[in-house]
Amino acid sequence: MSKLLIVDDEAQIRNIIRKYGEFEGYEIAEAVDGMDAIEKCRKDQFDLIIMDIMMPNLDGFSAVKKIREEASTPVIMLSARGEEYDRIHGFETGIDDYVVKPFSPKELMMRVNAILKRVHGEEDKKHKDVYEYEGLRIDFTARKVFINEKESEMSPKEYVLLFYMVRNEGIALTREQLIHDVWGYDFYGDDRTLDTHIKLLRKSLGIYSSTIVTLRGVGYRFEGKQ
């Protein structure tokens, strides 16, 4: 049974998510703010965290940064705002998904299910798998990326997006295909989430940012080995 941590200063929001989470078969724990979440993560292990941004004592962004120092637990961020800055800042912090309030509890559970399915699937892989192109080295099993022997720190979603594109090297990937296969659910929203991740991924790849080619009006393609 997967264990979720719900972090929100609004009891009503926590109760709604708890109701739907328990219906899906998850074990649920709650925290009322960022400080409370950090303490609970130090005492227990969680499979996924649902974290609100605006909270007293310590906001969600700061809490995620602190938690990331000790664990790589997947995080879905909740926000009453939908500004691009919040989305970019959240993804840079290392969150896996972003949901704007008011949200559909059913859709939220779809996102939770998709992330946990992907994470557990990756953990089940036993074979050694490495991709190399010049000074770019991607270790799929260890979930690490090296550029000229120096490890590049990426957010969990950047890793998944890069791994998927490398697995499909040389193939034109449409926006719809990337969103469906990487996010793992029927996407509700626009293409800006994908574009934001591509922008951050290129930044993380540094001198190899050009391996991700934009296909105008179509999507993207990874081009490494010729």
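Student: Let's start with Arg143: is Arg143 buried, partly exposed or exposed?

Tutor: Keep in mind that we're looking at a predicted model. For burial you read the relative accessible area: under 20% is buried, over 50% is exposed, and partly exposed sits in between. Arg143 comes out at 23%, so it is partly exposed. You'll find Arg143 in the loop between β7 (136–139) and β8 (144–147).

Student: And what is there to read in the phi of Arg143?

Tutor: Look at the sign, then at the residue type. Phi of Arg143 is near 60°, which is a positive value, and the residue is not a glycine. Glu149 is another non-glycine with a positive phi, about 70°.

Student: Where is Glu149 found, and is Glu149 buried or exposed?

Tutor: Glu149 is in the loop between β8 and β9 (150–151). With a relative accessible area of 77%, Glu149 is over the 50% mark and therefore exposed. For a glycine with a positive phi, go to Gly206, just after α8, where phi is about 55°.

Student: Backbone again: how do I read the peptide bond from Lys101 to Pro102?

Tutor: Check omega. From Lys101 to Pro102 omega is near -10°, and this peptide bond is cis. Pro102 is in the loop between β5 (97–100) and α5 (105–123).

Student: Lys101 turns up in the list of contacts too. Which residues does Asp52 touch?

Tutor: Leave out residues up to four places away in sequence, and Asp52 touches Val7, Asp8, Asp9, Gly60, Met77, Leu78, Ser79 and Lys101. Take Asp8 from that list: Asp52 and Asp8 are 44 residues apart in sequence, but their C-alphas are 5.2 Å apart in space. Asp52 is in strand β3 (residues 48–52), and its relative accessible area is 3%, so it is buried.

Student: Now helix pairs. At what angle do α6 and α7 pack?

Tutor: You need two values, the angle and the axis separation. Helix α6 (residues 156–167) and helix α7 (residues 175–183) pack at about 120°, with axes 10 Å apart. Angles of 65 to 115 degrees would count as roughly perpendicular; α6 and α7 are therefore oblique to each other. Their crossing is right-handed.

Student: Which residues of α6 and α7 meet?

Tutor: On the α6 side, Lys157, Val160, Leu161, Tyr164 and Met165; on the α7 side, Gln177, Leu178, Asp181, Val182 and Trp183. Sorted by class, this contact of α6 with α7 has 7 nonpolar, 1 polar and 2 charged residues.

Student: What about α7 and α8: at what angle do they pack?

Tutor: Same recipe. Here the angle is about 80° and the axes are 10 Å apart, so α7 and α8 are roughly perpendicular to each other. From α7 the contact uses Arg175, Leu178, Ile179 and Trp183, and from α8 Thr193, Leu194, Asp195 and His197. By class, the contact of α7 with α8 has 4 nonpolar, 2 polar and 2 charged residues.

Student: Last one: how many residues does α8 have, and how far does it reach?

Tutor: Compare the reach of a helix with what its length predicts. α8 (residues 192–205) has 14 residues and reaches 20 Å from first C-alpha to last, close to the 20 Å expected at 1.5 Å a residue. Buried residues in α8 are Thr193, Leu194, Thr196, His197, Ile198, Leu200, Leu201, Ser204 and Leu205.

Terms used. Residues are numbered from 1 along each chain as its sequence is written. This is a predicted model: local features need pLDDT of at least 70, side-chain atom pairs count only at pLDDT 80 or more; totals for chains, interfaces and linings use all residues. Side-chain values use heavy atoms; hydrogens and water are left out. Helices (H or I, at least four residues) and strands (E, at least two) are DSSP runs, numbered from the N terminus. The expected span of a helix is 1.5 Å times one less than its number of residues. Buried means under 20% relative accessible area, exposed over 50%, partly exposed in between (1.4 Å probe, protein chains only). Axes are lines fitted to C-alpha atoms, for helices over the stretch in contact, and angles run from 0 to 180 degrees between N-to-C directions. Angles under 35 degrees count as roughly parallel, over 145 as roughly antiparallel, 65 to 115 as roughly perpendicular and the rest as oblique. A crossing is left-handed if the near helix is turned anticlockwise from the far one by less than a right angle, and right-handed if clockwise. Contact means heavy atoms within 4.5 Å. Ala, Val, Leu, Ile, Met, Phe, Trp, Tyr, Cys and Pro count as nonpolar, Asp, Glu, Lys and Arg as charged, and the others, Gly among them, as polar.
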